[in-house]
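Colleague: Before any modelling starts, I should like to go through this structure with you point by point. Please place it before us.

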Amino acid sequence: MNAVARHKDSAVFDVLVVGAGPAGSCVAKLLADGGASVALIDGAKFPRFKSCAGWVNAKAFREFPFLESLRSRAKAVPLRRLVFHSPDLERRAEFGTRAAAGFIVRREKFDTELLRAAVRAGAKAFLGRRVVAVESGEREIVAVLANGKRLAGRIMVGADGVHSTVARASGLRARWEPDQLILCQSKIVPLTGRQRTACFGPAAIHVALGFGMAPGYAWAFPGGGHVSVGIGLRTDDGNRVKTLYDAWVARLNEKELLPRGANLANPDGGAIPAGAALEFENHVGKRVILIGDAGGFASSASGEGIYPALLSAAVAAKCILKAVAADRAGHKAIHCQDELQTFKHLWRQHLAAYLQMPNVNVTFLLPLIYTNQEIADRFGRAFLFGENL
Ligand SMILES: Cc1cc2nc3c(=O)[nH]c(=O)nc-3n(C[C@H](O)[C@H](O)[C@H](O)COP(=O)(O)OP(=O)(O)OC[C@H]3O[C@@H](n4cnc5c(N)ncnc54)[C@H](O)[C@@H]3O)c2cc1C
């Protein structure tokens with residue numbers, strides 16, 4: 001990491017990070033570690049709810065060692081088996097791993113621990129402070145907060161999720177196209193250890209690819225003390241997602257795959273910009289950069305967004321530290337901008353392959369996974385590790 005000397009003037013931060021989800025807290029920590037003065041701003045007070053199934057890729061813990069210490073505090077539960085169900089739930093196939101392939105967390109806990117790591121590294125948190133407007137000038141960029149206060153920085157990171165205000169306010173994206181989003185309905189309900197073993201088996205998550213003959217999948221991800229049940233589809237018809245969510249819950253109940261009496265009514269809606277980063281013209285504007293969901297960094301195939309959010313944060317942190325150093329040295333603003341622009345090529349090197357759809361005919365291969373273990377293993381690796389089919 002390119003270390004820069006800490007900025008003395010607290011009135012202007014080196015970096016304003018908007019959004020303290022995995023992308024924002026990770027970039028804030030890495031920037032603070034690199035010596036930058038960082039304001040980490042979130043509209044919510046933590047712990048806050050985030051609609052999510054809570055699966056975090058094992059790669060995240062390997063590649064970001066500081067996450068290791070968070071794991072037990074976030075009560076992460078290891079997963080070693082992925083059970084695929086046919087859409088009618090009559091057939092199943094399994095993919096197993098010896099080491100943990102990932103962990104199931106409660107986002108409230110995981111995100112709060114990440115935020116704490118950023119603050120411990122030196123980032124200053126502004127929580128319960130929603131950013132409503134962005135003003136970018138020649139020498140600085142300003143976040144206008146809902147309470148009318150203003151925070152100034154050399155650079156701003158838009159890590160404010162799928163409905164990013166920073167993306168809109170900075171002119172980098174007006175809206176998502178409907179086909180860029182996976183629409184979800186999901187709910188988290190309590191689960192005892194005994195129910196977990198009885199319904200789902202040890203260390204397993206369950207997925208029904210193509211449930212309802214729809215483009216997406218339904219899931220049941222049990223964690224420590226809870227299970228997330230949901231469905232995500234590539235469709236602009238929200239009603240269809242809700243209807244299929246109800247059908248998924250009914251089918252799981254028929255098959256006794258849910259704890260008796262679990263109240264799965266009134267699910268939460270959500271959207272994932274799966275693979276949308278690949279279609280972005282540019283993630284970098286004047287003194288601003290988009291990462292995580294705000295930049296469309298989620299896997300096309302699985303909708304996995306936490307690991308890609310962390311990766312986009314790590315790549316951005318490298319570019320931003322160089323941009324801050326150029327700005328502090330008093331170079332022309334264009335030098336700072338040039339350093340930021342290196343993100344455009346760097347993220348593609350590190351992330352593009354991970355975000356892409358498998359380049360084979362999935363519809364043809366899918367029915368084979370219930371009879372052919374090799375195909376099931378290929379689907380398992382594609383789903384859990386982002387490998388190509
Ligand atoms: C139903 C569902 C299930 C999912 N399951 C998984 C899963 O199991 N595994 C996985 O890897 N991914 C999953 N995802 C995707 C994953 O949740 C996201 O990709 C991930 O949260 C992206 O992180 P982020 O930091 O970019 O954004 P977020 O986690 O959304 O954080 C953005 C933060 O910005 C704040 N914010 C927003 N606007 C403003 C503003 N104007 N001012 C200040 N703060 C603001 C918000 O309060 C929030 O804290 C799921 C998504 C959904 C919808």
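The exchange below takes up the domains, the ligand shell, the core, two loop residues, the strands and the backbone.

Colleague: On what basis are residues numbered and features accepted here?

Modeller: Residues are numbered from 1 along each chain as its sequence is written. This is a predicted model, in which local features need pLDDT of at least 70, side-chain atom pairs count only at pLDDT 80 or more, and totals for chains, interfaces and linings use all residues.

Colleague: Into which domains is the chain divided, and how many residues does each give to the contact?

Modeller: The division, whose bounds come from an automatic or database domain assignment, gives domain 1 (1-54 + 106-177 + 275-357) and domain 2 (78-101 + 182-272 + 359-389). Their centres, taken over C-alpha atoms, are separated by 31 Å. Two residues are in contact if their C-beta atoms, placed from the backbone, lie within 7 Å. On that basis the contact takes twelve residues from domain 1 and 16 residues from domain 2.

Colleague: Where does the ligand lie with respect to domain 1 and domain 2?

Modeller: A residue is near a molecule if its C-beta atom, placed from the backbone, lies within 6 Å of it. Domain 1 and domain 2 both give residues to the shell around the ligand, so the ligand lies between them.

Colleague: Which residues come nearest to the ligand?

Modeller: Elements that give two or more residues to the shell are α1 (22-33), β2 (38-42), β12 (182-190), β16 (268-272) and α8 (306-328); helices (H or I, at least four residues) and strands (E, at least two) are DSSP runs, numbered from the N terminus. Of the 39 residues around the ligand, those that come nearest are Gly19, Gly21, Gly270, Gly292 and Gly305.

Colleague: How do the residues of the shell around the ligand divide by character?

Modeller: Ala, Val, Leu, Ile, Met, Phe, Trp, Tyr, Cys and Pro count as nonpolar, Asp, Glu, Lys and Arg as charged, and the others, Gly among them, as polar. The shell then divides into 18 nonpolar, 14 polar and seven charged residues.

Colleague: Which residues touch the most other members of the largest nonpolar core?

Modeller: Such a core is a set of buried Ala, Val, Leu, Ile, Met, Phe, Trp, Tyr and Cys residues joined through C-beta atoms within 7 Å. A residue is buried if 20 or more other C-beta atoms lie within 10 Å of its own, exposed if 12 or fewer, and partly exposed in between, with C-beta atoms placed from the backbone. The largest share of this core, 16 residues, comes from α8. Of its 130 residues, the ones that touch the most other members are Val17, Val27, Ile291 and Ile320.

Colleague: Is Ala159 buried or exposed?

Modeller: Ala159 is placed in the loop between β11 (150-158) and α5 (165-169). Its contacts, not counting residues up to four places away in sequence, include Val17, Gly19, Gly21 and Ile291. Because Ala159 has 33 C-beta neighbours inside 10 Å, it counts as buried.

Colleague: How far apart in space are Pro273 and Asp293?

Modeller: Pro273 lies in the loop between β16 and β17 (284-285), and it is buried, with 27 other C-beta atoms within 10 Å. Asp293 is among the residues that Pro273 touches. The two are 20 residues apart in sequence, and their C-alpha to C-alpha distance is 6.4 Å.

Colleague: In what sense do β9 and β10 pair, parallel or antiparallel?

Modeller: Two strands pair if DSSP finds at least two bridges between them. β9 and β10 form a hairpin with four residues between them, and Val134 stands opposite Ala143 in β10. Over five bridges, the sense of pairing of β9 (residues 131-136) and β10 (residues 141-145) is antiparallel.

Colleague: Which residues does the cis peptide bond join?

Modeller: Most residues other than glycine have a negative phi, and most peptide bonds are trans. Pro47 is found in the loop between β2 and β3 (55-57). With omega about 0 degrees, the cis bond joins Phe46 and Pro47.

Colleague: Is Met213 buried or exposed?

Modeller: Met213 is found in the loop between β13 (204-209) and β14 (216-222). Its phi is near 55 degrees, a positive value in a residue other than glycine. With 7 C-beta neighbours inside 10 Å, Met213 counts as exposed.
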